[in-house]
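Let's walk through this structure together, with the sequence and the coordinates side by side.

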Amino acid sequence: MRTIGTSIQRVEDERVLTGRGRYVDDVVVPGMLHAAFVRSPHPHARITGIDSTKAAAMPGVVAVLTGADMQRICNPMTIQMLQGYKSPAFFGLATDTVRFVGDPVAVVVAESRYLAEDACDAIEVGYASLTPVATIEHALDPSRPAIFADVGTNTLFEQSHTYGDVDAVFASAERVFTEKFRQHRYANVPMETRGCVANYDPSTRELVYTVATQSPHGVRFALSGILGIPADRTRVVSGDVGGAFGLKGFVYREDVAISAASKHLGRPVKWIEDRNEHLMASAHAREEDLELTVAARNDGTLLGLKAKLVMNQGSYPLLPFPSALFTSIMRVMLPGPYKLQAYSFDTTVVASNKAPYVAYRAPWEMETFVRERMLDIVAHELQMDPVDIRRKNMVTAAEQPIHMITGPTLERMSARETLDRSLALFDYAAFRDDQRKAREHGELRGLGIATFIEAAPGPRDMSAALGFGLGKERAHVRLETDGHLTVITAQMPHGQGHETTLAQVAADEMGVPFEHVRVVYGDTRYTPFSLIGTGGSRSATMASGAVLYGTRRIKEAVLKIAAGMLEASVDDLQIDEAMISVKGAPQRAVPLAQIAIMSYMAADHLPGGAQPLTEVDHDFDGDEGGWAQATHACWVTVDRDTGQVKIDRYLVVEDCGTMINPAIVEGQVRGGVAQGIGGVLYEHSAYDEEGQFLAGTFMDYLLPTTTEVPTIEIDHLETPPISPVNFRGVGEGGALIAPAALTNAIEDALAPLGVKITEQYLPPARILELTGTI
């Protein structure tokens, strides 16, 4: 029985749902100490002194470390991987200056977390306030101080790209439209906050670092260099992870500070972030301004785009990937599935006195939001239907293969099919009639439609377009002595179900029961190296491809041995339910377990001189690559008196190729949509004009619940395969497109009031401001 395409229950579920998961806070090591941080209440200030005398003398306090200790124990943290990016050098704790509210200034290590927290209150820190840089406008103001003296400017990165003859195309345009779009700052908010246990053993000079992360090897790579511990003596372990959405794909200053404390003391140290710390000081995402100018004809034909992006990185860059890296994805993907003749993209990344910028589920989402919003605005100005302008400009199947204006090849890209399918699932004309009637009675109802494409992992020329690549994916596959399979993956799952989906791929390829495959991950001692780990929608294609082809190589070796035993051609053999038999003659069979034990115990005596192959490392390059795509449709009603937005219906038509596990795919889509809805209607990591953080609890930082998120209807298309690996990433798509679909719906509802929406955060109060009610 093939398992691919079936919703097999996740292997992880029983463990997690019965409370038997093992998260970092479950880790207890003999002699373990506990840490707590002293954090800055100021957005920008010079440290004039730290008095930890009282704290150090408190019972149970083992050590108090400050920035001066970090300078002595560690090498500086910095980023060197992006040409033109101005990275400061900094340490795990602030040394002379604090740069955001929540900046760690000191760490207390004590016999318990309670004692450590109490000691933090006893530490006296002197501050001299400096002028804050709280907004993009502040960062671009040359009269404001540079946040990092060693950089000397708050502009950390600038880059410009041009495709085609932009001036000529704009000169030929019949209409030109310009809008400036703003995306607010919000956060990943996984159920599990950050946490770690650092255990440095002075006798072996080895660091074992247990951490909730998406990238164990990325953490190991960074800590080894910063702490000066050889890589072979730096081990990173990660067990169950309670969500991440991009947040745990980086190395934080707290990682360095806790590891340094353990190395300094020669004892294990645990730190678990509390929710206030998490909301305030972990990292935030999505703060960008983008001015977009569109050249078009009167009939709605798009000719060219000019984009000017400014990203607010916040304060410290996160290792190993600078925030500027995500602007390249925005640049390449902003044209989406639409035809253009010319395009320019200017990038500026600035620093400010806010928490660091982090990737959050589709960290390039700004390009989709802006493009799909602008299409609705242009359609309105040209008195066109939003659907018609999309159909007029979208690349069709008949036009493929074709290159995006930015370079990547569009082939087997089905965005147009998802749009057409979505419109076939409801009566568009009838809705418009009902909408007109509702407006006559003062009701504000709207429909928003938006389409995206995602390089998941994209074509072979994607890396050239981006200017960087993420490389191949390795999997280790081992045939055990009993015929079962062990798959060791470079992925670090944190809720996606990799233990299930990768086992489905291996089981189907090998011809064994699903239960005969075990997926192993999370320990740098034996997992393949990957700097990114799990992220960027790589696992569906890259990890599955590495597992599939690695398993295939073992299967081929097994069949050669079986062919000698059964006196049959390899081409005439099949493996089903772990039994190798001759096709059409099931009585001529041998158990896989027999082949496996022979390969280990009698390798020199296999029939026909066959060579055993029980373990394989396979590096997968993505084959022909491919696209994930979807169209989302969102129906809303806006209460003109309260500004409340009610989502009446939400429809997704997606194509991610062959679905390994439909239930997991739909869970990923629905989860992403819920986060997109939250980003528009509820979530905001708010600061005031002086850089003070205003959303440190769930009373201030709102999240959508099951009562706010509607039933999400999902319809699937499947691009026909051209290779065995027809799986496409689906983890980003819901969060990538939902903000555009929802804001398009809200503007459509508010059209009778003349409202134009160029921002993403639309709580009731903002709706009332836009409508002129307040």
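Where is Pro 401 found? Pro 401 sits in the loop between H12 and strand S16 (402-403); helices (H or I, at least four residues) and strands (E, at least two) are DSSP runs, numbered from the N terminus. A cis peptide bond, with omega about 0°, links Gln 400 to Pro 401. Another cis bond joins Ala 456 and Pro 457, with omega about 15°.

A word on the model: it is predicted, so local features need pLDDT of at least 70 and side-chain atom pairs count only at pLDDT 80 or more, while totals for chains, interfaces and linings use all residues. Residues are numbered from 1 along each chain as its sequence is written, and side-chain values use heavy atoms, leaving out hydrogens and water.

Now for the interior. The largest nonpolar core (buried Ala, Val, Leu, Ile, Met, Phe, Trp, Tyr and Cys residues joined through side-chain atoms within 4.5 Å; buried means under 20% relative accessible area, exposed over 50%, partly exposed in between, with a 1.4 Å probe and protein chains only) has 178 residues. Helix H20 (residues 733-750) gives the most to this core, with 10 residues. Domain 1 (13-130 + 189-282) and domain 2 (288-465 + 624-770) both contribute residues, so the core lies between them; these bounds come from an automatic or database domain assignment.

Finally, look at the loop between strand S22 (573-576) and strand S23 (579-582), where Glu 577 lies. Glu 577 has a positive phi of about 55° although it is not a glycine, and is partly exposed at 44% relative accessible area. Ala 578, in the loop between S22 and S23, has a positive phi of about 65° and counts as buried at 14%.
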